Amino acid sequence: MTVIKQFFLILLLTGCTMKSTQIKTVDEVDINRFMGDWYVLGHIPSYVEKNAFNAVESYKLNDDGSISTTFTFNEGALDGPVKTYYPKGFVIPGTNNAEWGMQFIWPIKAQYKIAYLSKDYNITIVARDKLDYVWLMARTKTLPHDQMIEFRKMIEGMGYNIDNYREIEQE
């Protein structure tokens, strides 16, 4: 069984038992400004990324409105083997670009809600109603320690079990 299939099997099995809430999204996302590279600085990881280092999520808007995504990281260490995944994003109509479906394998689309976005489009938090995964991402490889603490508190305030939160080291 491939890693991606294992990931979705776990996602489907755990999705039935996890607590859920209604994560509020930002009011609106300028999709063109959101495109580009985002360094993943902290997360409650999915199975695939639980030992990720140097994680980068890159977005490119396609002509049909879908979003080509490239997720790259080193497995297990800063110099570990490079892993790359290519999910496809789809903006959910009526959400002002703040909620997407992220498709790793057809036909399943995982929820992807932009719960926080700085005015300068330099920091974002992507969350899910199931409170199973969350990602803190920035346009830079690091943020000041006090900001990292504040964002961790923000994620906890959304209802996440912060014991599962992990900061990702960037080289």
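Biologist: Before we start, what does "buried" mean here?
Modeller: A residue is buried when its relative accessible area is under 20%. Over 50% is exposed, and in between is partly exposed. One more thing to keep in mind is that this is a predicted model.

Biologist: Got it. So how many residues of strand β7 are buried?
Modeller: Six of the eight residues of β7, which spans residues 110-117, are buried, so the strand is largely enclosed by the rest of the structure.

Biologist: Which strands sit beside β7, then?
Modeller: Strand β6 (residues 99-103) is joined to β7 by four bridges, and the two run antiparallel. Strand β8 (residues 123-127) also pairs with β7 in the antiparallel sense, over four bridges.

Biologist: Can you give me a residue for each? What is the bridge partner of Met102, and what is that of Leu117?
Modeller: Met102 has Ala110 in β7 as its bridge partner. For Leu117, the partner is Thr124 in β8.

Biologist: And how many residues lie between β7 and β8?
Modeller: Five, and the two strands form a hairpin. In the turn, Tyr121 has a positive phi of about 60°.

Biologist: Let's zoom out. How many helices and strands are in the chain?
Modeller: There are three helices and ten strands. Along the sequence, the order is α-α-β-β-β-β-β-β-β-β-β-α-β. The chain has 171 residues, of which 46% count as buried.

Biologist: Which residues have the most contacts inside the largest nonpolar core?
Modeller: Phe34, Tyr59, Trp100 and Tyr112, in a core of 27 residues. Among the elements that each supply at least two residues of this core are α2, β1, β2 and β7. Apart from it lies another core, of 21 residues, including Leu41 and Met148.

Biologist: What does Tyr112 touch?
Modeller: Leaving out residues up to four places away in sequence, its contacts include Phe34, Tyr59, Trp100, Met102 and Val126. Tyr112 also belongs to an aromatic cluster with Phe34, Trp38, Tyr59, Trp100, Tyr133 and Trp135.

Biologist: Sounds like a lot of rings. How many aromatic pairs are there?
Modeller: The count comes to eleven. Take Phe73 and Tyr85: their ring centres are 6.2 Å apart and their planes are at 20°, so the pair is stacked. The cut-off for stacked is planes under 30 degrees apart. Phe73 is in strand β3 and Tyr85 in strand β4, so this pair ties together parts that are twelve residues apart in sequence. Both Phe73 and Tyr85 are buried.

Biologist: Which charged residue sits over the ring of Trp38?
Modeller: Arg139, with its charged end 3.8 Å from the ring centre. In another case, Arg166 lies over the face of Phe53, at 5.2 Å from the ring centre.

Biologist: New topic. Is Thr69 buried or exposed?
Modeller: Buried, with a relative accessible area of 2%. Thr69 lies in strand β3. Setting aside residues up to four places away in sequence, Thr69 touches several residues, including Tyr59, Tyr85 and Met102.

Biologist: And where does Glu169 lie?
Modeller: In the segment after β10. Glu169 counts as partly exposed because its relative accessibility is 44%. Apart from residues up to four places away in sequence, Glu169 touches Phe53, Asn54 and Leu78.

Biologist: Last one: what separates the C-alpha atoms of Glu169 and Leu41?
Modeller: They are separated by 7.0 Å, with the two residues 128 residues apart along the chain.

Conventions: Residues numbered from 1 in each chain as written. Predicted model: local features only at pLDDT ≥ 70, side-chain atom pairs only at ≥ 80, totals over all residues. Heavy atoms only, no water. Buried < 20%, exposed > 50% of the residue type's maximum accessible area, 1.4 Å probe, protein only. Contact = heavy atoms within 4.5 Å. Pairing = 2+ DSSP bridges. Core = buried A, V, L, I, M, F, W, Y, C linked by side-chain atoms within 4.5 Å. Phe/Tyr/Trp six-rings, centres within 6.5 Å; stacked < 30°, edge-to-face > 60°. Lys NZ or Arg CZ within 6 Å of the ring centre and 35° of its normal.
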